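User: Please take a close look at a single part of this structure, chosen by you, and set it against the background of the whole. I would like one connected account rather than a list.

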Amino acid sequence: MNSEDFANRMEEQRTFFQRGRTMDLGFRKEALRRLEKGVKEHEKDILEALRLDLGRASVEGYTADIAPIYADISFILGRLGRMIKGFKVPTPLAFAGGSSRIMPEPLGLVLIMGPWNYPFHLLLRPLVGALAAGNCAVLKPSEMAPHSSALIHNMIGEIFPSYHVTVLEGGVEEATTLLEQRFDSIFYTGNPTVGRIVMEAAARHLTPVILELGGKSPCIVDKDANPRLAARRIAWGKFLNAGQTCVAPDYLLVHREIKEALLQEVQSAILEFYGEGPQESPDYGRIVNDRHFSRLAGYLEAGRLICGGQTDKEDKYIAPTLLEGITENDPIMHEEIFGPILPVLEFDNLDEVINMVNRRPKPLALYLFTRNRKNQLRVIRETSSGGVCINDTISHMVSNNLPFGGVGESGMGQYHGAASFYAFSHMKSILRASSWFDAPKYPPYRIDLTWIKRLMRFT
Ligand code: NAD
């Protein structure tokens with residue numbers, strides 16, 4: 001498909017949007033129900049595509065890629081009627097008798113670009129917000145999960161007419177051509193390097209962007225943490241999808257006093273989760289491709305192995321690995337790891353940890369294991385991150401009541417639950433002026449400035 005074909009496809013969507021059908025509450029609800037039904041009908045195919053692309057176990061496929069789509073749909077369906085009406089706000093005294101309201105309006109035609117690691121969740125969950133807010137959408141799945149991409153293409157083609165939602169598959173070339181088009185919003189999930197490319201392309205049309213990026217999410221374990229519980233929750237969050245999760249704990253900062261106990265427990269957890277040979281475990285995933293495999297294998301050259309370290313290039317397998325003897329200067333501490341390797345650094349007091357986190361780009365998530373409320377509050381206040389999860393990993397992104405997104409290098413804009421609706425809406429301010437009261441605002445100006453000063457204080 002060339003640039004002209006893209007433009008024609010988009011024109012068809014714009015024409016449909018301008019007819020106003022998507023403004024209708026019933027139409028939006030129906031679209032969400034159709035999406036839910038379509039995903040349900042393809043559940044088996046989705047799990048199979050995830051197995052082929054990422055070696056993902058069905059339970060992980062369902063909980064991480066399918067269930068969040070249903071949860072968002074049902075959350076939004078229950079509130080959409082109220083949300084599309086907007087809300088009243090007070091009106092200044094100078095406009096007495098008038099009324100003020102903030103009403104959401106759809107943005108128009110939105111582009112949603114997804115990555116390969118949770119290919120259904122990260123494309124269709126934003127779509128829930130886009131549809132609820134009354135937009136038309138173009139979806140661009142990642143070429144790096146080809147089975148998932150093909151399925152999304154066919155599935156969406158069955159569920160929606162292409163003038164409402166359409167899927168354009170392809171790699172960098174297609175993505176580049178797509179980004180030349182004018183959209184009313186671009187929602188991109190992926191790495192920060194491409195995030196910059198997306199933002200530059202969007203700037204040409206003054207298109208707003210939401211960027212859901214990644215980064216190095218620290219995991220801090222203080223000396224009063226429960227080592228067994230912390231270890232299980234860290235091992236689960238880190239080795240889920242073989243570490244290829246945007247909010248996976250990237251590196252571990254553990255208090256010297258608890259280090260040994262914690263590391264013992266992490267190893268026990270790995271054994272309990274995946275057995276003696278994780279390569280044989282049906283619950284342990286694979287690295288997405290050879291490029292990422294080689295990158296990750298390279299990290300194993302620094303530091304000392306605590307456990308794991310086995311690799312199999314043919315099978316794109318890297319064992320759950322703990323590394324120590326790492327310094328802040330090692331390459332593994334510069335880039336987001338995005339794989340099943342956990343570097344372990346130790347600390348003696350919380351100041352060191354807070355300084356270290358603050359020296360680095362703002363992460364997408366920050367994990368803190370401690371029962372000490374004062375220290376919890378201190379870390380929350382003195383560091384900046386997209387979100388914080390205390391005494392667990394990843395779980396903060398499950399709740400539909402907690403908007404999800406990054407800050408600084410880890411992204412901009414938020415979604416999930418109601419935030420998804422607002423992410424794809426323009427909040428339009430409306431003042432209905434009264435006809436019976438006409439403020440004396442016209443020239444020639446006879447009114448005393450003292451009065452104006454008093455009145456304008458109440459705007
Ligand atoms: P990816 O390589 O699949 O890229 C994402 C999308 O960008 C794809 O659709 C791809 O076709 C497109 N793309 C790639 N190169 C491009 C280019 N040069 N120009 C235009 N488009 C291009 O996925 P990825 O970036 O490897 O994904 C992993 C990253 O995403 C990690 O950094 C991870 O932390 C982050 N991530 C963030 C979230 C989140 O919700 N914040 C979720 C998942 C992943």
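Analyst: Helices and strands are taken here as DSSP runs, of at least four residues for a helix (H or I) and at least two for a strand (E), numbered from the N terminus. Counted in this way, the model, which is predicted, holds 16 helices and 18 strands. Its radius of gyration is 25 Å, close to the 23 Å that the globule rule gives for 459 residues, so the protein is as compact as a globular protein of that length. The C-alpha trace spans about 85 × 55 × 40 Å along the principal axes, and buried residues make up 53% of the 459 residues.

The part I would single out is an open sheet of seven strands, in which the order reads E10-E13-E14-E9-E8-E15-E16 and the pairing is mixed. Its edges are strand E10 (304–307) and strand E16 (387–390), and each of these has a single partner strand, so one side of each is left without a neighbour in the sheet. On average, neighbouring strands of the sheet are turned by 25 degrees against each other, direction ignored.

Within this arrangement, strand E8 (residues 218–221) pairs in the parallel sense with strand E15 (residues 365–369) over three bridges, and Cys-219 is placed opposite Tyr-367 in E15. Helix H13 (residues 350–359) packs on the sheet, where it touches both E8 and E15 as well as strand E9 (251–255) and strand E14 (341–347). The direction of H13 makes about 130 degrees with that of E14.

For the background, the nonpolar interior is a useful next step. The largest nonpolar core has 114 residues, of which Leu-35, Leu-127, Ile-156 and Leu-252 touch the most other members. Leaving out residues up to four places away in sequence, Leu-35 touches Ile-73, Leu-124, Leu-127, Val-128, Leu-131, Ile-156, Ile-159 and Phe-160. Another core, of 23 residues, lies apart from the largest one, and its members include Leu-109, Met-113, Ile-186 and Ala-201.

Long-range contacts can be followed in the same spirit: of the contacts in the protein with a separation of 6 or more, 72% are between residues 24 or more positions apart. An example is Glu-105 in strand E2 (residues 99–106), whose C-alpha atom is separated by 6.7 Å from that of Lys-428, 323 residues apart along the chain. Beyond its neighbours within four places in sequence, Glu-105 is in contact with Phe-424, Ser-425, His-426 and Lys-428, and at 25% relative accessibility it counts as partly exposed.

Conventions:
Residues are numbered from 1 along each chain as its sequence is written. This is a predicted model: local features need pLDDT of at least 70, side-chain atom pairs count only at pLDDT 80 or more; totals for chains, interfaces and linings use all residues. Side-chain values use heavy atoms; hydrogens and water are left out. Two strands pair if DSSP finds at least two bridges between them. Axes are lines fitted to C-alpha atoms, for helices over the stretch in contact, and angles run from 0 to 180 degrees between N-to-C directions. Contact means heavy atoms within 4.5 Å. A nonpolar core is a set of buried Ala, Val, Leu, Ile, Met, Phe, Trp, Tyr and Cys residues joined through side-chain atoms within 4.5 Å. Buried means under 20% relative accessible area, exposed over 50%, partly exposed in between (1.4 Å probe, protein chains only). The radius of gyration is taken over C-alpha atoms; the globule rule is 2.2 Å times the number of residues to the power 0.38.
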